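Biologist: Could you walk me through this one? I'd like to hear the reasoning behind each label.

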Amino acid sequence: MSAQIRLRLLPSARCLFDEPIQVKVAGLRSKQLVTLRARSTDERGVLFNSSASYRADGRGEIDLNRDPSLSGSYVGVDPMGLLRSLKADDLHKYFYKNKALEPFMVNFSVHEEEGRMLAEATNERHLMGDGVSRVPVKEGNVQGVLFTPPGEGPFPAVLDLCTFMSEKRASLLANKGFVVLALPVFIHKPNLERMNLDDFEEALQFLQSQPKVSSKGVGVISRSKGGDIALSLAAFVPGVEAVVWINGCSANIGIPLYYKEREILSPLMFNFGKVIPTESGANIIKYAVNNPLAEENKGSVVPIEQADGHFLFVASEDDLNWDSKGYLDDMVGRLKHHGKKNFENITYPAAGHLLEPPYGPHCPSALHGMLRFPVVWGGEPRAHAAAELHLWQKIQNFLRTRLSNNAAQTTSKL
């Protein structure tokens, strides 16, 4: 490495996962062409890489906030492009960063055209801010992880329904001043015989019993299969004040739903003859989901018109997992038909299924957690990243507005 060449991560090499950094290089020759690289290993030991070519200015400096990538994993000005475009060598790999205690570690380096490394720096991207507590929960039918902000509270409470266990979104929301219980829809192998809404009601009651939680009702945030569970909680269980539904279904997907020992929603099933294979080996399953509006499937549709809480519906138009935009349109139309105004909706034209907190690697395809074969999630990478950034702020504003009457306002930083 060359002593006079510096790679800096600003304002600090340590930050929260959802915070941007500025990558700058100084000490190069005037107009020198170099390659910037990023690499990181996920929780399953899979290595992800990205790279982009840049030309220094007349002073031998590069600023990713200002300068365009000329070639590589992305082209053009994209300040966080090296993070967004991290990719494994093997196809259909999702970057697993779901445990909150360990930071997302990213090594940045700058190289000569011949490959020799000139400088490097490591970015620590933390999921938990200072003072946020993390407590594993195993109480009755509730198995999850509780995140609580520092301070006396009271704080608004949110149930984060993840299809399979992930602490990422819950811990980042706790940094923003929410008490959040991360709860997986499926703890182990899915039970296809029945799903009990009572278990999720128990989780809501657990949240409401926490000493730092405000007296107002609970919010629920969800994506994919968690979406129809969130809708069902709002429709059948009292005390749900706000629901964030991201790329879910308007009907109960795949498994009969029971409440108080009675089946309340039949399952909307798949027609696997309509799965479309692609050259990459991943499949498009969007058209394999049966139509919830067909007469024979109406018993699966969640009756959200009987809910008292507020909804934020979010749909990606390039979601190739299922027709999220069509489901959103159906729900909005149904609520309007019943004279309800308790909803907001956002659509992102070029985003895919996996809308997550911002600045993580984009995942175009991966192994489906329930179907056990690779599927295409969709999304144009740059547009998808922009959607994640916009949505993340929208989620916080929506939940704070709907859940905060006497709630304390706090944020945690590093």
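Modeller: Sure, and keep in mind that this is a predicted model. Let's start with one residue pair: Val145 has Ala182, in β14, as its bridge partner.

Biologist: What makes β12 and β14 a pair?

Modeller: Two strands pair if there are at least two bridges between them. Strand β12 (residues 142-148) and strand β14 (residues 179-184) have 3 bridges, in the antiparallel sense, so they count as paired.

Biologist: And which sheet do they belong to?

Modeller: An open one of 8 strands, ordered β11-β12-β14-β13-β16-β17-β22-β23, with mixed pairing.

Biologist: Why are β11 and β23 called edge strands?

Modeller: β11 (133-139) and β23 (343-348) each pair on one side only. On average, neighbouring strands of the sheet are turned by 15° against each other, ignoring direction.

Biologist: What does helix α5 touch on the sheet?

Modeller: Helix α5 (residues 324-337) touches β17 (240-246), β22 (310-316) and β23, and its direction makes about 150° with that of β22. Contact means heavy atoms within 4.5 Å. Helix α6 (residues 381-403) also packs on the sheet, touching β13 (157-162), β16 (218-223), β17, β22 and β23. The direction of α6 makes about 170° with that of β17.

Biologist: How do you know that Gly226 is buried?

Modeller: Buried means under 20% relative accessible area. Gly226 has 0%, so the label fits. Gly226 is in helix α4 (residues 225-236), and leaving aside neighbours within four places in sequence, its contacts are Leu161, Thr163 and Val185.

Biologist: How far is Gly226 from Ser316?

Modeller: Their C-alpha atoms are separated by 16 Å, with the two positions 90 residues apart along the chain.

Biologist: Which residues touch the most other members in the largest nonpolar core?

Modeller: Leu7, Leu36, Ile62, Phe108, Val110 and Leu399, out of 64 residues. The element giving the most to this core is α6, with 7 residues. Apart from it lies another core of 56 residues, among them Val179, Leu257, Phe313 and Leu335.

Biologist: What does Val110 touch?

Modeller: Not counting residues up to four places away in sequence, its contacts include Ile5, Leu7, Val25, Leu36 and Met117. Thr35 and Arg116 are among them too.

Biologist: Which residues does UniProt list for the BAAT/Acyl-CoA thioester hydrolase C-terminal domain?

Modeller: The unreviewed entry lists residues 196-404. Over that range the chain is 29% helix and 21% strand, and the end C-alpha atoms are 29 Å apart.

How values were computed
Residues are numbered from 1 along each chain as its sequence is written. This is a predicted model: local features need pLDDT of at least 70, side-chain atom pairs count only at pLDDT 80 or more; totals for chains, interfaces and linings use all residues. Side-chain values use heavy atoms; hydrogens and water are left out. UniProt positions are given in the numbering used here, feature names are shortened, and annotations may be inferred rather than shown by experiment. Helices (H or I, at least four residues) and strands (E, at least two) are DSSP runs, numbered from the N terminus. Axes are lines fitted to C-alpha atoms, for helices over the stretch in contact, and angles run from 0 to 180 degrees between N-to-C directions. A nonpolar core is a set of buried Ala, Val, Leu, Ile, Met, Phe, Trp, Tyr and Cys residues joined through side-chain atoms within 4.5 Å. Buried means under 20% relative accessible area, exposed over 50%, partly exposed in between (1.4 Å probe, protein chains only).
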